Amino acid sequence: MAIVEKTPLELGPGDSVRYAERPLGVFTRPQEGRGWRDWLSTVDHKRIGILYGASAMFFFLVGGVEALLIRLQLAAPEGSVLSADVYNQVYTMHGVTMVFLFIMPLAAAFSNYFIPLQIGARDVAFPRLNALSFWIWLSGAIFLNTSWIVGGGGADCGWFCYSTNSGVAFSPSHGVDFYAIGLQILGIASLVSSVNLIVTCLNMRAPGMTLMRMPVLTWMLLITQFLLLFALPVITVALFLLMFDRLFDAQFFNPDAGADPLLWQHLFWIFGHPEVYIIILPAFGVVSEVIPTFSRKPLFGYEFMVFSGIAIGFMGWGVWAHHMFVSGMGPISVAAFSLSTMFIAVPTGVKVLNWLATMWGGKLRFTVAMKFAVATVAMFTIGGLSGVTHSVAPADTQQTDTYYIVAHFHYVIFGGGVLGLFAGIYFWWPKIWGHFLNERLGNWSFWIMLVGFNLTFGPMHILGLQGMSRRIDTYARGYGFEFWNMAATVGSLLIAVSVVIFIWNVVKSKRDAPHLPPPGPDPWDARSLEWSIPSPVPTHNFDTVPQVHGRDEWWHAKYAENDEGQVVRVATAEEAAQTGEATGVHLPSPSFWPLAVAVGLPLIGYGLIFNLWLALIGALLTIASLYSWALEPVDDPDAAHDHHEDDKNEDDQTGGHDS
Amino acid sequence: MSAEAVTADLGHAADEHGHDEHATTTGLSHTKLAMWVFLGSECLLFGGLISTYLLYKTRGNGRTLPTDVFDIPFTSVSSFVLLMSSLTMVLALSAVSRGEAEAGRTWLLATALLGGVFIGGQVYEFTAFVREGVAFTTNPASSAFFTLTGFHGVHVSLGIVMLMSLFVASLKGRLTQRNAETVEIVGLYWHFVDIVWIFIFTVIYLIPAD
């Protein structure tokens with residue numbers, strides 16, 4: 001049966017062909033090519049994914065340097081590496097950078113790259129909006145960090161920036177203004193990207209790809225997009241109010257005028273707790289792909305995995321006030337949020353047990369990716385258990401604002417989120433670049449990171465229970481803090497070493513690649529559709545859009561049951577995979593306008609802080625670019641290929657494994 | 001298997017007419033689905049601002065509260081005008097989708113004008129309140145009031161910009177029957193902004209502060 005592609009890509013309402021005789025806009029329409037300019041105008045979801053990933057890794061280094069400064073300051077009592085003021089800025093910017101500029105965009109890299117591939121699509125629903133969300137994110141990230149240079153220092157109110165510390169009285173530099181406006185810009189980027197990816201996931205699935213056949217990574221990323229969609233507007237409101245307070249003398253957070261500082265805390269944590277799941281669910285998705293592949297078993301309890309992910313997504317909205325047990329909000333609220341916090345451990349526990357059951361009795365292969373995935377499960381479980389201790393309000397009252405909290409959320413976010421995404425990096429590297437990461441260096445990096453991570457954050461449990469406050473810039477001798485602080489600092493240096501080895505691995509693997517056999521389409525004998533196409537992925541993704549018959553579609557293209565009920569290989573990956581040689585596939589045309597729109601936003605930000613005329617210029621630039629964008633046809637009328645001929649070509653092709 | 005074959009056949013039929021916008025997994029076009037998803041996000045945005053106002057509506061810091069200066073008859077009239085614009089929006093969509101370009105233009109313009117009247121009313125209301133001693137920085141209640149209603153006003157204004165863009169596109173002959181869906185999507189946004197105003201008007205103006 002010839003599989004006919006239904007819609008290669010959405011054409012906007014109103015076919016572009018009609019405007020062919022009058023192209024609009026000042027830019028010559030760019031063509032996709034190989035130079036650096038093409039990265040500025042690209043609308044290819046894979047390139048945008050790479051841009052997200054590379055920028056995220058850059059900010060990982062920035063946030064990492066900030067972390068090392070913190071640890072150097074605290075290595076010994078009465079540290080003098082940083083002044084108290086600079087220390088406040090460094091830990092604030094460390095948190096903001098790691099959350100908003102590292103983990104979230106790294107997860108966005110995975111979403112962009114793999115959602116279309118896993119659902120059998122050729123791109124996302126709105127390729128230019130996809131480019132827009134990346135460029136807005138990057139402009140916001142740069143904006144946020146320029147406060148070091150032009151804003152008189154970074155924000156110094158902690159990443160959750162409680163009122164009244166965030167007011168002009170206690171934070172007179174422009175740091176908090178950059179925080180408030182920068183995070184709003186990043187919020188726009190997340191909003192655009194979540195709308196785009198939700199539509200992609202719901203609307204562009206290959207024939208037969210029902211929701212309950214989607215790979216778990218795609219499921220978790222879809223849930224993440226919904227959390228972003230609903231959580232970001234809440235913090236946007238909070239930031240909006242903060243901005244008006246600081247720049248235009250509004251009275252939202254001025255207790256002298258009768259304002260309530262708890263308003264900020266509620267708004268922040270209504271965003272902030274779903275944010276925890278925004279960080280962790282993509283890593284859960286990655287782990288759910290890596291563990292079945294290297295256990296040679298289907299994921300245990302697929303439905304439970306999906307529904308517990310959805311349950312986490314819903315329940316994540318009902319636990320925010322466990323961040324506020326000491327705020328004096330009353331015993332009924334405290335009891336209610338204690339209970340809901342205990343309950344949310346249930347779906348999370350389901351996931352952990354399902355991963356273990358997936359490995360149970362499997363044929364385990366401990367590649368670096370698998371090691372990272374297993375470590376994610378173990379470390380996240382430790383963080384999850386200390387999280388449950390916080391649901392016990394009396395204990396939490398003791399632990400609030402101590403290093404115990406710092407230990408807990410680093411186990412969850414670093415031990416769960418970061419290790420999980422590293423598993424994904426090692427797993428999909430050959431798919432993205434067409435060569436493996438070196439396993440030997442990967443092993444060194446993994447073990448040093450695992451040891452360094454535990455040495456850094458394990459002792460913080462003890463420090464916290466001993467009563468060491470978080471966010472103090474130094475401590476006196478004689479409290480018993482010396483030994484474990486030094487241990488944590490040594491651990492943080494080990495993490496730095498492992499990151500350096502990782503970077504060296506990236507360089508060396510690329511250099512060695514020409515001398516090594518290529519990985520082929522499916523080096524790990526994996527299960528989902530992205531492995532049914534060549535590595536690296538051709539620009540058009542799929543020669544023919546696959547027809548999906550069940551879960552783990554690609555596995556079933558390679559394996560079948562014989563008469564005795566044994567699983568036997570029926571095709572090699574090379575036989576079953578598509579060749580990637582299709583030509584004339586219709587693809588969206590590149591555009592410079594997303595970049596132009598994104599450039600205007602930080603100008604508005606600087607303008608609001610320094611001079612409103614600059615804001616006007618930024619706004620005009622953004623509006624003009626938006627209009628030029630709207631008038632620019634989705635598809636370049638001058639592009640070399642003709643749609644109708646393409647359709648015929650594809651009609652003639654009989655697909656690879658699905659025919 | 002037969003269901004899949006049918007799907008493939010339908011896909012084939014669609015393909016022969018070029019790219020069919022409706023051949024998506026859900027049957028909704030991407031843009032329409034995107035607008036619905038976006039409006040979901042907007043609910044939380046307005047929800048946050050409405051909650052802020054409800055928390056602060058009696059916090060006057062010893063000065064005049066917005067509730068003291070509300071002119072309910074006036075705002076009722078401008079609310080009515082805004083709600084009527086939803087009717088003209090529906091008529092615009094109906095005209096465009098029947099291919100009546102000129103009627104479509106008229107109703108689009110009428111919708112934009114009614115929206116403009118509402119914005120004019122809001123500007124008048126704001127200046128009147130400031131004269132009566134309730135300015136943006138007076139107290140938490142006034143800050144919350146102006147932020148919420150101003151934010152809604154910006155949404156209406158953006159809607160007017162979209163309507164006028166459609167109007168101009170129609171004048172240039174670019175808004176035809178086959179892209180009536182663009183009008184429908186702008187309409188979704190417009191109706192949403194109207195519905196939000198029903199909430200704001202009820203919760204902020206009509207429910208008295210005790």
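Helices here are DSSP runs of H or I at least four residues long, and they are numbered from the N terminus. With that in hand, names like α15 and α16 should be easy to follow. Keep in mind that this is a predicted model.

**Chain B in brief**

Let's start with chain B. Its secondary structure comes to 7 helices and 0 strands, so to speak a run of α-α-α-α-α-α-α from the N terminus on. Chain B has 210 residues, and buried ones make up 40% of them. How far apart in sequence are the residues that meet in chain B? Among contacts between residues at least 6 apart, 80% join residues at least 24 apart.

**Helix pairs in chain A**

Now for chain A, where three helix pairs are worth a look.

| Helix pair | Angle | Axes |
|---|---|---|
| α14(A) and α15(A) | about 160° | 7 Å apart |
| α8(A) and α13(A) | roughly 45° | within 8 Å |
| α3(A) and α13(A) | about 35° | 11 Å apart |

Take the pair of α14 (residues 439-465) and α15 (residues 482-512) of chain A, which pack at about 160°. Because an angle over 145 degrees counts as roughly antiparallel, that is the label for α14(A) against α15(A). α14(A) passes α15(A) in a left-handed crossing. By class, their contact has 21 nonpolar, 9 polar and 1 charged residues.

You can zoom in on this pair through A487(A), a residue of helix α15. Leaving aside residues up to four places away in sequence, A487(A) touches L455(A) and P459(A). G452(A) is 35 residues from A487(A) in sequence, yet the C-alpha atoms of the two are 9.6 Å apart in space. Is A487(A) buried, exposed or in between? It has 18 C-beta neighbours inside 10 Å, so it counts as partly exposed.

Next come α8 and α13 (residues 403-433) of chain A, whose axes cross at roughly 45°. That makes α8(A) oblique to α13(A), and the crossing is left-handed. Which residues make the contact? From α8(A) they include I279(A), P282(A), F284(A) and V290(A), and from α13(A) they include V412(A), G416(A), G420(A) and F427(A). The residues of this contact divide into 13 nonpolar, 4 polar and no charged.

Helix α13(A) also packs against α3 (residues 84-119) of chain A, at an angle of about 35°. Here again the crossing is left-handed. I103(A), L106(A), A107(A), F110(A) and Y113(A) in α3(A) meet a set in α13(A) that includes I413(A), G417(A) and L421(A). This contact divides into 9 nonpolar, 2 polar and no charged residues.

**A helix under cover**

Helix α10 of chain A covers residues 331-359. What length should its 29 residues span? At 1.5 Å a residue the answer is 42 Å, and the end C-alpha atoms are 43 Å apart, which agrees. Its buried residues include V334(A), F337(A), I344(A), K351(A) and W355(A). An α-helix has 3.6 residues a turn, so residues three or four places apart point the same way. What covers the buried residues of α10(A) includes α8 (262-295), α9 (302-315), α11 (368-391) and α12 (393-399) of chain A. Just after α10(A), G361(A) takes a positive phi of about 75°.

**Loops with something unusual**

Most residues other than glycine have a negative phi, and most peptide bonds are trans. A few places in the loops of chain A go the other way.

D401(A) is not a glycine, yet its phi is positive, about 60°. You'll find D401(A) in the loop between α12 and α13 of chain A, and with 14 C-beta neighbours inside 10 Å it counts as partly exposed. R471(A), also not a glycine, has a positive phi of about 70°. R471(A) lies in the loop between α14 and α15 of chain A, and its 13 C-beta neighbours inside 10 Å make it partly exposed.

As for peptide bonds, the one from S163(A) to T164(A) is cis, with omega near 10°. T164(A) is in the loop between α5 (147-150) and α6 (175-203) of chain A. Another cis peptide bond joins S535(A) and P536(A), where omega is about -10°.

P536(A) belongs to the loop between α15 and α16 of chain A, and W524(A) lies in that loop between α15 and α16 (553-558). W524(A) is buried, with 20 other C-beta atoms within 10 Å. Not counting residues up to four places away in sequence, W524(A) touches T293(A) and F427(A). The C-alpha atoms of W524(A) and A577(A) are separated by 14 Å, with their positions 53 residues apart along the chain.

How values were computed: Residues numbered from 1 in each chain as written. Chains lettered and ligands numbered in written order. Predicted model: local features only at pLDDT ≥ 70, side-chain atom pairs only at ≥ 80, totals over all residues. Axes fitted to C-alpha atoms, helices over the stretch in contact; angles between N-to-C directions. Helix = DSSP H or I, 4+ residues; strand = E, 2+ residues; numbered from the N terminus. Parallel < 35°, antiparallel > 145°, perpendicular 65-115°, else oblique. Left-handed = near helix turned anticlockwise from the far one by under 90°. Nonpolar A, V, L, I, M, F, W, Y, C, P; charged D, E, K, R; others polar. Buried ≥ 20, exposed ≤ 12 C-beta atoms within 10 Å, placed from the backbone. Contact = placed C-beta atoms within 7 Å. Expected span 1.5 Å × (residues − 1).
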